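Welcome, and thanks for taking a look at this model. Have the viewer open as you read, and follow the headings from the overall fold down to single residues.

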Amino acid sequence: MSVKRVRLAEQVKEEIIASIGSGNFLPGAKIPSVRQLSSELGVSHITAARAIRELAEEGVLEVRRGAGAFAAQKLPDKLLRKSHSLPHPQTLYFFFPTLQSASSYHNSILCTIQQEAEKRNWTIRINLLSIERYESAAADPDAVGIVCATAPYPLPPTEVPVINYGMTSRKEIPGVIPDNYAAGYAAGIHLRNKGIENVYFITSAPREKAVPELHFQERFLGLRDAYRTPCGQEDLPLLHWAINHPCREEVKTLIAAMKNGRTNSYPVLVIGNRSMAVEISIYLSAVGLRVPDDIGLITFIKRNSFELQTPIDTFDFDHKQMGEQIMFLLDQARKGRKLPSRVLIPMTLTEEGSVRQLRTAPVS
């Protein structure tokens with residue numbers, strides 16, 4: 001930890017020296033307080049205070065008790081030459097879409113982005129997304145990029161490179177997303193290889209607003225296409241589920257039929273995301289159906305530790321790979337390269353024993 005604090009203090013010192021050397025603070029001018037530096041640069045009070053103390057010892061600042069720190073009347077020649085050669089600090093902005101998302105899989109993507117930003121000597125600033133914060137980042141002359149999950153509302157255009165990530169992306173902003181269609185198709189082939197014919201896709205509640213759950217649609221289409229063969233299931237049932245929505249009766253009715261033995265073969269529910277799969281698994285247990293003996297579950301994307309405790313076969317993507325791809329796109333944008341509207345990250349299956357082992361002969 002001490003090494004990290006020293007590095008941050010050096011960055012604060014270089015920021016102050018560059019500001020003095022560029023004329024932002026004339027000799028004798030008061031510089032921002034410890035509290036202001038801490039807030040503006042995103043460092044602790046201890047780090048900011050240490051930077052000021054060391055600069056005072058080096059003759060760059062003059063600290064006056066009760067008044068604050070001031071630029072020295074004469075900057076040391078060695079440091080003055082250094083300040084003119086310093087590059088502008090470069091800042092990468094990362095926005096969480098919501099407060100709740102800050103504790104989900106977004107953190108693992110952010111971890112990779114932080115590591116990659118450090119390699120590039122970029123400062124990273126993290127906050128919740130809002131139009132005001134987004135526009136402020138876009139107006140920062142030292143901004144190297146903005147990274148955020150797909151916003152539920154359009155973001156104004158900016159000259160600063162913007163990269164979306166997550167389940168979906170807006171066509172006007174380059175996005176790094178899981179390959180949802182391919183994952184749905186792979187789920188279908190996986191189940192067909194096991195000889196499973198009785199398959200249902202469970203999606204989210206119908207939305208009142210015209211904001212489609214595109215990732216659910218793509219997973220459904222992939223699964224449906226995997227079963228659209230002469231020997232496969234032509235019409236794949238599509239049902240809806242949400243705990244606090246009347247649409248859940250569709251799934252409850254299906255489960256009641258399964259419990260009463262009115263299904264003619266082993267059923268599998270392919271569920272739009274892991275959160276819904278956990279909810280449905282709890283409901284199945286409550287009505288006396290066992291996974292995988294009576295019914296199989298397969299889903300997409302792990303998000304938090306609670307969900308990880310439930311044995312549900314899951315397709316997921318490499319979060320580190322997504323973070324690295326985001327940074328690669330930012331590098332390409334800074335070189336003036338045209339970016340693709342979508343970069344697809346493959347998903348792979350983790351089997352956790354929630355689909356019964358049946359036939360395993362390959363599908364022809």
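The report below goes from the whole chain to its sheets, its helix pairs and a few individual residues.

## Ground rules and overview

This is a predicted model, in which local features need pLDDT of at least 70, side-chain atom pairs count only at pLDDT 80 or more, and totals for chains, interfaces and linings use all residues. Residues are numbered from 1 along each chain as its sequence is written, and side-chain values use heavy atoms, with hydrogens and water left out.

The protein chain has 12 helices and 14 strands; these are DSSP runs (helices H or I, at least four residues; strands E, at least two), numbered from the N terminus. Of its 364 residues, 45% are buried, where buried means under 20% relative accessible area, exposed means over 50% and partly exposed lies in between (1.4 Å probe, protein chains only). Taking the contacts with a separation of 6 or more, 69% come from residues 24 or more positions apart; a contact means heavy atoms within 4.5 Å.

## The parallel sheet

One open sheet has 6 strands in the order E4-E3-E5-E6-E7-E13, with parallel pairing. Two strands pair if DSSP finds at least two bridges between them. The edges are E4 (123–128) and E13 (342–345), each of which pairs on one side only. From one strand to the next the twist averages 20°; angles here run from 0 to 180 degrees between N-to-C directions, and axes are lines fitted to C-alpha atoms, for helices over the stretch in contact.

Inside this sheet, E5 (residues 143–149) and E6 (residues 162–165) run parallel and are joined by 4 bridges; Ala149 has Tyr165 in E6 as its bridge partner. E7 (residues 175–178) also pairs with E13 in the parallel sense over 4 bridges, and Gly175 stands opposite Arg342 in E13. In a regular strand, side chains alternate between the two faces of the sheet. For E13, the covered face holds Val343 and Ile345, while Arg342 and Leu344 are on the uncovered one. Helix H5 (residues 106–119) lies across E3 (91–96), E4, E5 and E6, and runs at about 180° to E3.

## The mixed sheet

A further open sheet of 6 strands follows the order E9-E8-E10-E11-E12-E14, and its pairing is mixed. Its edge strands are E9 (238–240) and E14 (347–350), each pairing on one side only. The twist averages 25° from one strand to the next.

E8 (residues 198–203) and E10 (residues 267–271) pair in the parallel sense over 5 bridges, and Asn198 has Pro267 as its bridge partner in E10. Helix H7 (residues 180–193) lies across E8, E10, E11 (296–300), E12 (313–317) and E14, running at about 160° to E11.

## Two helix pairs

H7 also packs with a helix: its axis and that of H8 (residues 214–227) come within 6 Å and cross at roughly 35°. The crossing of H7 and H8 is right-handed, meaning that the near helix is turned clockwise from the far one by less than a right angle (anticlockwise would be left-handed). Among the contact residues are Gly184, Tyr185 and Gly188 of H7 and Leu221, Gly222 and Asp225 of H8. The contact of H7 with H8 divides into 9 nonpolar, 5 polar and 4 charged residues. Here Ala, Val, Leu, Ile, Met, Phe, Trp, Tyr, Cys and Pro count as nonpolar, Asp, Glu, Lys and Arg as charged, and the others, Gly among them, as polar.

H2 (residues 34–41) and H3 (residues 45–57) pack at about 120°, with axes 8 Å apart. That angle makes H2 oblique to H3; under 35 degrees is roughly parallel, over 145 roughly antiparallel, 65 to 115 roughly perpendicular and the rest oblique. Val34, Arg35, Leu37 and Ser38 of H2 meet His45, Ala48, Ala49 and Ile52 of H3. Ser38 counts as buried because its relative accessibility is 9%.

## Backbone details to check

Where is the cis peptide bond? Between Val291 and Pro292, with omega near 5°; Pro292 is in the loop between H10 (274–287) and E11.

Two residues other than glycine have positive phi: Asn121, near 60°, and Ile301, near 70°. Asn121, in the loop between H5 and E4, is exposed at 65% relative accessibility. Ile301, in the loop between E11 and H11 (305–308), is buried at 1%.
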